[in-house]
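Reader: I am new to this structure and would like to go through it step by step. Please show it to me before I ask anything.

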Amino acid sequence: MAPEQRGRGHNDVTLPIRFISYDGLCTIDIVTKDGVTSDTTSYYDLLRASISLEHACVAKNQVGGIAMNIGEQAGLGLVMTSFQPRVQCRRGQAPPLSNCWHLADTMKTTQEKNTWGNPGDPNAFIRLPKPLYEGNRKCAAVIRTVGPTDVSSFYEIWENIVAVNGMCVRFGHLGSALAV
């Protein structure tokens with residue numbers, strides 16, 4: 001995606017990307033159609049699509065909606081959905097929000113389910129705790145389990161990192177996502 005910057009230049013955005021409300025209950029995802037690897041659009045076109053979704057879906061007490069055929073090749077879509085985060089924010093010095101968004105923007109988001117577990121657990125494919133860092137190591141997410149093993153995808157981990165960023169870090173707080 002390459003949004004306009006006042007008519008000049010472009011930004012490359014890695015998908016998936018999610019925008020989340022301050023309370024975490026509403027998300028907007030920018031997605032590609034099956035088989036599409038990239039497309040070009042403007043923030044204005046995305047804004048128009050999100051306003052249409054807001055009027056058609058949220059204002060009428062529905063849970064969300066989809067706007068497709070956005071972009072020069074009609075390969076992008078906006079998906080607005082409700083979300084039920086289990087996030088706890090706590091006071092403390094949060095890392096810079098831009099670093100935490102960078103962590104979410106650059107992490108793996110595969111939907112393949114993995115078995116996560118503590119060291120020594122023979123069923124664990126990924127050993128915990130597992131820290132994830134952004135490039136400058138100013139923001140980290142540490143994945144832990146309270147049980148012997150858990151099954152989850154990197155996409156589900158990503159969803160919750162976005163939720164913690166949007167609900168806690170953006171307001172200068174630390175946060176945790178529970179029961180991913």
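The turns below go from the whole chain to its sheet, its helices and its disulfides.

Author: This is a predicted model, in which local features need pLDDT of at least 70 and side-chain atom pairs count only at pLDDT 80 or more, while totals for chains, interfaces and linings use all residues. Residues are numbered from 1 along each chain as its sequence is written, and side-chain values use heavy atoms, with hydrogens and water left out.

Reader: How many helices and strands does the chain have?
Author: Helices (H or I, at least four residues) and strands (E, at least two) are DSSP runs, numbered from the N terminus. Along the sequence they follow the pattern β-β-α-β-β-β-α-β-β-β-β-β-α-β. The count is three helices and 11 strands.

Reader: What percentage of the residues of the chain count as buried?
Author: Buried means under 20% relative accessible area, exposed over 50%, and partly exposed in between, with a 1.4 Å probe and protein chains only. The chain has 180 residues, and the share that counts as buried is 39%.

Reader: In what order do the four strands of the open sheet stand?
Author: Two strands pair if DSSP finds at least two bridges between them. In this sheet the pairing is antiparallel. Strands E1 (17-20) and E3 (65-70) each have a single partner strand, so they stand at the edges, with one side of each left without a neighbour in the sheet. The order is E1-E2-E4-E3.

Reader: Which residue in E4 does Ile70 stand opposite?
Author: E3 pairs with strand E4 (residues 76-82) in the antiparallel sense, over four bridges. Opposite Ile70 stands a residue of E4, Leu76.

Reader: At about what angle to E1 does helix H3 run?
Author: Axes are lines fitted to C-alpha atoms, for helices over the stretch in contact (heavy atoms within 4.5 Å). Angles run from 0 to 180 degrees between N-to-C directions. Helix H3 (residues 154-167) lies across E1 and strand E2 (26-32), and its angle to E1 is about 40°.

Reader: Why are the buried residues of H2 on the same side of the helix?
Author: In helix H2 (residues 97-106), the buried residues are Asn99, Cys100, Leu103 and Ala104. The arc is that of the directions from the helix axis to the C-beta atoms. These residues lie on the same side of H2 because they cover an arc of only 145°.

Reader: What covers the buried residues of H2?
Author: One of the buried residues is Cys100, with a relative accessible area of 1%. The cover of the buried residues of H2 includes strand E8 (130-133), strand E9 (140-143) and H3.

Reader: Which residue does a disulfide join to Cys89?
Author: A disulfide is a pair of cysteine sulfur atoms within 2.5 Å, and by this rule the count is two. Cys89, at 40% relative accessibility, is partly exposed, whereas its partner is buried at 0%. The S to S distance is 1.9 Å, and the partner is Cys168.

Reader: How many residues apart in sequence are the parts that Cys89 and Cys168 tie together?
Author: Cys89 lies in strand E5 (residues 87-90), and Cys168 in the loop between H3 and strand E11 (174-177). The pair therefore ties together parts whose separation in sequence is 79 residues.

Reader: Is the disulfide of Cys100 and Cys139 left-handed or right-handed?
Author: The sulfur atoms of Cys100 and Cys139 are 2.1 Å apart. Cys100 is in helix H2 and Cys139 in the loop between E8 and E9, 39 residues apart. The torsion about the S-S bond is about 105°, so the disulfide is right-handed.
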